[in-house]
Amino acid sequence: AIRKLIVEGKLYSHVGSGTYVSPPKFKRNLQDLETHSEAARREGRNLETQVLYGEIIECTKQLSRKMKLRLGHKIFALQRLRVLDGVPAVLELTYLDAERCAGIEKKDYGESSLYDTLRQDYGLTLTCGRESVGLTYTTEQEGELLGIPEDTAVFFISGVMLTEDGSCVESFKSLNRAVLFSFRSELVSGD
């Protein structure tokens, strides 16, 4: 019976701690550029960020295609765990153009907003992007970080964010605990 309530999203289990009543789902509109931080503030929720690592790497073939950058281009890789109302909710991996944003790796993104930093320190406003939403299952390590068992279904979101001139500044992917999120999209007629 408890497993069924967990699957339905009415309860959630925190490894090593117990089973709890699920908070209201975090609502995300797939058609706007609202950040997790902005959405949490709008909903009166508490969102904390734990930086797992941040380092400069060289652009791989996959990132080169997504971000339209040359192989070897300097990229800032930032992995964060987003904790919503005290519950691990999102595991994010973000790649940023480190040559365009020199020194971006020096900020503490546990305290500073990444998009505010791009806007205020580098004059970059992200105006559009593309993202895909699917389902995947957690690995043992991902499950540990998110406080859920290995092989738990989670939303997998990936995409890129662009500036007004169409250049890619960010590529991202995230694992979002399915029992904590609700996605919506507003449909309009093509007429």
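Phe155 is buried, at 19% relative accessibility. The cut-off for buried is under 20%, so Phe155 falls on the buried side of that limit. Phe183 has 21% relative accessibility and counts as partly exposed. These values come from a predicted model.

**Aromatic rings**

The structure holds three aromatic pairs. One joins Phe155 and Phe183: the ring centres are 4.8 Å apart and the planes stand at 90°, so this pair is edge-to-face. Phe155 sits in strand β8 and Phe183 in strand β10 (residues 181-184). The two are 28 residues apart, and the pair links distant parts of the chain. Phe183 also pairs with Phe181. Here the rings are stacked, with 6.1 Å from centre to centre and 15° between the planes. Phe181 is buried, at 3% relative accessibility. Ring pairs thus make a cluster of Phe155, Phe181 and Phe183.

**Helix α4 and what covers it**

Which residues of helix α4 are buried? In this helix, residues 114-122, they are Leu114, Tyr115, Thr117 and Leu118. Why do they lie on the same side of α4? They cover an arc of only 160° around the axis, which puts them on one side of the helix. The general rule behind such patterns is that an α-helix has 3.6 residues a turn, so residues three or four places apart point the same way.

The cover over these buried residues is partly made of strands. It includes β5 (74-84), β6 (87-97), β7 (126-137), β8 (153-163) and β9 (168-177).

Both ends of the helix have a feature to look at. Ser113 caps the N-terminal end of α4. One of its side-chain oxygens lies 3.5 Å from the backbone nitrogen of Tyr115. After α4 comes Gly123, with a positive phi near 65°.

**Nonpolar cores**

The largest nonpolar core has 16 residues. Phe76, Leu96, Ile104, Leu114 and Leu118 touch the most other members. The elements giving two or more residues to this core are β5, α4, β8 and β9. Helix α4 gives the most, with three residues.

Take Ile104 as an example. Not counting residues up to four places away in sequence, Ile104 touches Phe76, Leu96, Tyr109, Leu114, Leu118 and Tyr122. Another core lies apart from the largest one. This other core has twelve residues, among them Tyr12, Ala89, Val179 and Leu180.

**Salt bridges**

The count comes to seven salt bridges. The table gives some of them.

| Pair | Closest N to O distance |
|---|---|
| Arg45 and Asp85 | 2.4 Å |
| Lys74 and Glu58 | 3.6 Å |
| Arg119 and Asp116 | 2.4 Å |

What does the bridge between Arg45 and Asp85 tie together? Arg45 lies in the loop between α2 (36-42) and β4 (47-58), and Asp85 lies in the loop between β5 and β6, so the pair ties together parts that are 40 residues apart in sequence. Arg45 is buried, with a relative accessible area of 13%. Asp85 is partly exposed, at 35% relative accessibility.

The bridge between Lys74 and Glu58 runs from strand to strand. Lys74 is in β5 and Glu58 in β4, so this pair ties together parts that are 16 residues apart in sequence. Lys74 is partly exposed, with a relative accessible area of 35%.

The bridge between Arg119 and Asp116 is within helix α4. The two residues are three apart, which separates them by about one helical turn. Arg119 is partly exposed, with a relative accessible area of 38%. Asp116 is partly exposed too, with a relative accessible area of 31%.

**The network at Glu92**

Which residues are joined into one network by salt bridges that share partners? They are Arg80, Arg82 and Glu92. Glu92 is in strand β6. Is Glu92 buried or exposed? Glu92 counts as buried, at 8% relative accessibility. Its side chain makes a polar contact with the side chain of Arg82, at 3.0 Å. Leaving aside neighbours within four places in sequence, Glu92 is in contact with His36, Leu78, Gln79, Arg80, Arg82, Lys173 and Ser174.

Key:
Residues are numbered from 1 along each chain as its sequence is written. This is a predicted model: local features need pLDDT of at least 70, side-chain atom pairs count only at pLDDT 80 or more; totals for chains, interfaces and linings use all residues. Side-chain values use heavy atoms; hydrogens and water are left out. Buried means under 20% relative accessible area, exposed over 50%, partly exposed in between (1.4 Å probe, protein chains only). Helices (H or I, at least four residues) and strands (E, at least two) are DSSP runs, numbered from the N terminus. The arc is that of the directions from the helix axis to the C-beta atoms. Contact means heavy atoms within 4.5 Å. A polar contact is a pair of N or O atoms within 3.5 Å; within protein, one must be able to donate a hydrogen and the other to accept it, and residues adjacent in sequence count only if both atoms are side-chain atoms. A nonpolar core is a set of buried Ala, Val, Leu, Ile, Met, Phe, Trp, Tyr and Cys residues joined through side-chain atoms within 4.5 Å. A salt bridge is a side-chain nitrogen of Lys or Arg within 4 Å of a carboxyl oxygen of Asp or Glu. Rings of Phe, Tyr and Trp (its six-membered ring) pair if their centres lie within 6.5 Å; planes under 30 degrees apart count as stacked, over 60 as edge-to-face and the rest as tilted.
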